[in-house]
Amino acid sequence: MSPQTIVRIAQRGDIDSIVEMDPIAKQEPDRRKFIAHAVAAGHCWVAMEAEDALALIGYGVLDHSFFEHDFIPLIVVKSSARRRGVATAIMQALELQCQGGKLFTSTNTSNFAMRQLLRQLGFIRSGQIDNLDDGDPELVFVKFRSSL
Ligand SMILES: CC(C)(COP(=O)(O)OP(=O)(O)OC[C@H]1O[C@@H](n2cnc3c(N)ncnc32)[C@H](O)[C@@H]1OP(=O)(O)O)[C@@H](O)C(=O)NCCC(=O)NCCS
């Protein structure tokens, strides 16, 4: 059985641990800036196992950057903690924060893991944005409040 996952809002002191678990953040200053801004704005949530509340194993961001709708721009689970329901726990915690009738998110067409996660959680396709990443369209997904 997977250990119990706890999700809480991120604090400034979590930023280094968030960057540490995210290979892109380690390499890209823009991702680090995005994380710091999300934490400062109260938009970032972090996950840990109940047995080890100091070790972060994932994070997700919920904001209103998508046409003023609830939007999840990013969710990342530490590679050693994947396929144990951590992303599912984060997504469910973010869904509980939603005020509006629709929750949007998006991912690259090539991101099979994220697409499968979204399908399992009841998100449906809501369009496609071309020309962001060459040859890898961004797929937009939505979940309606009645199913949140
Ligand atoms: C996508 C991601 C967040 C999933 O995190 P996770 O904690 O492993 O996901 P969960 O354990 O909650 O998976 C729930 C379901 O999603 C699907 N899924 C998750 N990872 C999958 C994979 N690699 N292949 C196929 N299906 C997958 C499965 O249906 C899974 O249920 P199951 O394990 O019972 O089969 C993780 O792979 C990740 O951090 N990827 C890198 C960052 C990223 O691409 N983020 C998304 C774009 S912002």
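Let's start with the ligand: it sits in the largest pocket. Keep in mind that this is a predicted model.

So, the pocket itself. The largest pocket holds about 1,100 Å³ of space. Its lining is made of 33 residues. Ile75, Asn111, Ala113, Met114 and Leu117 lie nearest the centre of that pocket.

Which elements supply at least two residues each to this lining? They are α2, β4, α4, β5 and α5. On the sequence, α2 covers 23–27 and β5 covers 102–108. β4 gives the most to the lining of the largest pocket, with 7 residues. By class, the lining has 17 nonpolar residues, 9 polar ones and 7 charged ones.

Now the ligand and its neighbours. The shell around the ligand has 19 residues. The closest are Ile75, Val77, Arg83, Thr88 and Asn111. Ile75 and Asn111 are also among the residues nearest the pocket centre.

Let's look at polar contacts. I have three to show. Take Ile75. A polar backbone atom of Ile75 is 2.7 Å from a nitrogen atom of the ligand. Next, Arg84. Here a polar backbone atom lies 3.2 Å from an oxygen atom of the ligand. Then Gln120. This contact goes through the side chain: an N or O atom there is 2.9 Å from an oxygen atom of the ligand.

How much of the ligand does the protein cover? On its own, the ligand has 910 Å² of accessible area, and the protein covers 75% of that.

Which elements give two or more residues to the shell? β4, at 69–77, is one of them. The others are α4, at 86–97, and α5, at 112–120. α5 gives the most to the shell, with 6 residues. For the pocket lining, remember, β4 gives the most. The shell divides into 10 nonpolar, 6 polar and 3 charged residues.

On to the second largest pocket. About 160 Å³ of space lies there. What lines the second largest pocket? Start with Ile24, Glu28, Asp30 and Arg31. Then add Phe34, Pro73 and Leu74. α3, at 29–41, and β4 each supply at least two of these lining residues. α3 gives the most, with 3 residues. By class, this lining has 4 nonpolar residues, 3 charged ones and no polar ones.

To wrap up, three things to look for on the screen. Find the ligand in the largest pocket. Find β4, which supplies residues to the lining of the largest pocket and to the lining of the second largest pocket. Last, find α5, which gives 6 residues to the shell around the ligand.

How values were computed
Residues numbered from 1 in each chain as written. Predicted model: local features only at pLDDT ≥ 70, side-chain atom pairs only at ≥ 80, totals over all residues. Heavy atoms only, no water. Near = heavy atom within 4 Å. Polar contact = N/O pair within 3.5 Å; in protein donor to acceptor, adjacent residues only side chain to side chain. Areas by Shrake-Rupley, 256 points an atom, 1.4 Å probe, with all protein chains shown as cover. 1 Å grid on protein atoms, 1.4 Å probe; cavity = no way out; pocket = protein on both sides within 12 Å on 5 of 7 lines; lining within 4 Å. Sits in = over half its atoms within 2 Å of the grid points. Helix = DSSP H or I, 4+ residues; strand = E, 2+ residues; numbered from the N terminus. Nonpolar A, V, L, I, M, F, W, Y, C, P; charged D, E, K, R; others polar. Points joined across faces, edges and corners; volume = space filled by probe spheres on them.
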